[in-house]
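Trainee: Could you take me slowly through one part of this model, looking closely at a helix and at what packs around it?

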Amino acid sequence: MRGRIAAYAGAQLRDHLVLRAPVILILTVLGAWAYAAYTGLTPDAFDPSASVEVRGQVERAFHAVLATFAFAGGALAVQGLVARHRHRGYDRVIFSRPLDPVRYYAQGFVLAGLTAMLIGAAGAEVYGAAVHNVSLPGVAAYVALGWLTIGGLGLLLSTVTRFHAPLLVLLLVADFACDRYAAGLRAAGSGSAIVDALRYLLPPGHVVASLAGPFSQGFAFDLLTVAWPISFGVVCITAALVLLRKRPFGS
Amino acid sequence: MIELSHVSKTYAPRFGRSARALDDVSLRVAAGEVAGISGPAGAGKSTLLSLVLGHERPTSGTVRVDGAEPRRFVQREGVAYSPQRLTLPSRWRVVDALTRLAMLSGVRASDTRTRVDSVLRELGLADERRARLKALPPDARVRVALAQAILADRRVIVIDEPLDGLGAESQEILRDLIVRLRAFDRAIVIASRDTAELQRLADRVTLLDRGRVRRAGVARPATPANVETVFHIVLHHGADQVLAVFPSAISLGRGAYAVRATLASLNRGLRELIDRGALIAAVTPAHASAEVNVVESLDQVSS
């Protein structure tokens with residue numbers, strides 16, 4: 001059984017590269033363009049003789065683009081897998097063969113993560129050569145974190161509803177909004193236990209976003225900060241796999 | 001091989017009334033048998049197949065395939081399943097779809113191309129091999145659904161509504177396919193609304209109506225002795241002697257032959273085959289006789 005699914009890895013990888021990787025790249029480019037438009041970043045900022053302040057602005061832009069890529073890579077890692085298979089009925093044809101659905105979906109999900117890591121590292125290599133040095137292992141690890149946290153949540157949602165994509169976006173927007181609101185309250189010297197609790201109930205998207213800089217600078221972060229999104233992702237993926245094992249087909 | 005015992009299936013949606021798709025259905029399909037499941041739309045045929053394939057679990061009663069829980073059996077051995085509607089990504093080309101599914105079926109990489117080509121030829125799809133699934137006419141889509149099911153040898157074959165949208169030529173292909181797939185160690189279940197055609201394909205037909213068995217499948221009566229009929233002979237060894245004894249026999253592969261004969265000439269021929277050292281594994285009538293007991297039972301239900 002393992003051999004059959006492993007033999008199919010090439011086809012799953014091709015599907016991901018042809019169908020989803022271009023969308024991830026387009027979303028990243030759009031994110032970069034939006035960031036540049038919002039901050040007023042111009043091509044002159046990439047001049048090596050630019051001031052330290054301008055170079056810092058470029059670096060922040062890179063972090064924003066990296067975060068966009070990691071989020072898009074994670075969110076699209078499960079596109080076309082569980083929910084789509086169930087909705088279209090592909091699962092019934094595919095799993096009439098001697099295959100384990102959990103292993104089949106898990107392989108597709110892992111391949112999506114590895115592809116995102118490789119593309120992310122390649123992009124960072126080009127950026128590092130052209131603009132300024134970044135840590136390649138750090139960038140790859142950050143993309144993996146995005147896949148684990150955002151992709152893990154996406155995988156869980158896709159096993160329970162076919163509307164997993166809008167739900168994922170909604171939850172992430174709620175998380176960022178909640179984080180902003182909590183920051184505002186803190187700045188004003190007040191706090192709300194409910195808002196703080198909500199921040200921990202919602203997916204830690206804001207934590208992942210804030211880690212783009214520390215990761216690309218070579219793992220310059222507090223381990224406890226990373227533990228939250230990692231545990232969240234692991235719990236989501238485990239729950240998704242358990243649900244898939246219990247209910248491999250859509251009803 | 002396939003056994004349903006007092007099986008009921010009720011769908012209970014979160015909102016709205018629950019619906020009983022199957023009600024106390026018992027059915028047994030032995031190895032070597034082709035069983036037909038007939039009945040009007042909504043009778044519960046597809047639900048019954050879903051239970052046999054392990055897509056769903058019964059609300060009550062038991063379903064066993066080769067003594068095991070269906071999903072466990074499918075995961076261990078696989079089932080050749082041809083769905084009512086071909087559900088594969090529509091952008092795939094026919095040959096790519098079959099190649100991918102052959103890979104997942106466990107066909108060895110070195111044999112995949114040969115196997116896919118052979119299935120394409122058998123189902124009359126050679127001209128459509130490069131066509132995208134979305135561009136196929138309904139008739140060809142049914143044949144692709146059948147083609148993907150038979151990429152690998154399976155002991156259980158489940159075919160859902162194969163006659164929907166099938167032209168006359170394709171129906172002939174389907175009949176030949178069922179004859180070829182017949183084997184002493186294999187159970188074939190075909191569900192269809194077309195009772196008359198099902199009667200030709202299957203050894204016996206069970207009639208479902210509103211989730212209940214209205215008429216249990218009755219094995220076809222014995223073939224009249226003086227009527228020439230097509231028989232399906234499977235040989236363990238000595239297949240090279242078949243053409244010497246039955247010159248018009250058609251090889252179906254895997255030691256199986258289709259032979260047209262009366263009962264008397266069949267028996268004479270079989271004796272001669274045994275005398276020549278052949279070991280016969282199975283002999284079954286390939287096509288149904290004109291007896292249409294299911295049509296009778298349909299009449300009973302409607303009256």
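Mentor: What follows is a close look at helix H7 of chain A and the helices around it.

Please keep in mind that this is a predicted model, and that every value below is computed from it. Helix H7 covers residues 136-160 of chain A, and a good place to begin is one of its residues, Tyr142(A), which lies in this helix. Is Tyr142(A) buried or exposed? Tyr142(A) has a relative accessibility of 0%, and because buried means under 20%, Tyr142(A) counts as buried. If we leave aside the neighbours within four places in sequence, Tyr142(A) is in contact with Leu66(A), Ala67(A), Ala70(A) and Phe71(A), and also with Val208(A), Ala209(A), Leu211(A), Ala212(A) and Phe215(A).

From that single residue we can move to the packing of whole helices, starting with H6(A), which spans residues 101-130. The axes of H6(A) and H7(A) are 8 Å apart and pack at an angle of about 145°, and their crossing is right-handed. On the H6(A) side the contact includes Phe109(A), Val110(A), Gly113(A) and Met117(A), while on the H7(A) side it includes Val139(A), Val143(A), Trp147(A) and Leu155(A). Sorted by class, the residues of this contact are 13 nonpolar, four polar and one charged.

A second partner of H7(A) is helix H8, residues 164-187 of chain A, and here the two axes come within 9 Å and cross at roughly 135°. That angle makes H7(A) oblique to H8(A), and this crossing, too, is right-handed. H7(A) contributes Ile150(A), Leu153(A), Gly154(A), Leu157(A) and Ser158(A) to the contact, and H8(A) contributes His164(A), Leu167(A), Leu168(A), Leu171(A) and Leu172(A). By class there are seven nonpolar and three polar residues in the contact of H7(A) with H8(A), and no charged ones.

H7 also appears among the helices against which the buried residues of H12(A) pack, a list that includes H4, H6, H10 and H11 of chain A as well. H12(A) has 24 residues, from 223 to 246, and reaches 34 Å from its first C-alpha to its last, which is close to the 34 Å expected at 1.5 Å a residue. Among its buried residues are Val226(A), Phe232(A), Cys236(A), Ile237(A) and Leu244(A).

For a contrast with Tyr142(A), we can return to helix H6 of chain A, where Ala129(A) is found. Ala129(A) has a relative accessible area of 68% and is therefore exposed.

Note on methods: Residues are numbered from 1 along each chain as its sequence is written. Chains are lettered from A and ligands numbered from 1 in the order in which they are written. This is a predicted model: local features need pLDDT of at least 70, side-chain atom pairs count only at pLDDT 80 or more; totals for chains, interfaces and linings use all residues. Side-chain values use heavy atoms; hydrogens and water are left out. Axes are lines fitted to C-alpha atoms, for helices over the stretch in contact, and angles run from 0 to 180 degrees between N-to-C directions. Helices (H or I, at least four residues) and strands (E, at least two) are DSSP runs, numbered from the N terminus. Angles under 35 degrees count as roughly parallel, over 145 as roughly antiparallel, 65 to 115 as roughly perpendicular and the rest as oblique. A crossing is left-handed if the near helix is turned anticlockwise from the far one by less than a right angle, and right-handed if clockwise. Contact means heavy atoms within 4.5 Å. Ala, Val, Leu, Ile, Met, Phe, Trp, Tyr, Cys and Pro count as nonpolar, Asp, Glu, Lys and Arg as charged, and the others, Gly among them, as polar. The expected span of a helix is 1.5 Å times one less than its number of residues. Buried means under 20% relative accessible area, exposed over 50%, partly exposed in between (1.4 Å probe, protein chains only).
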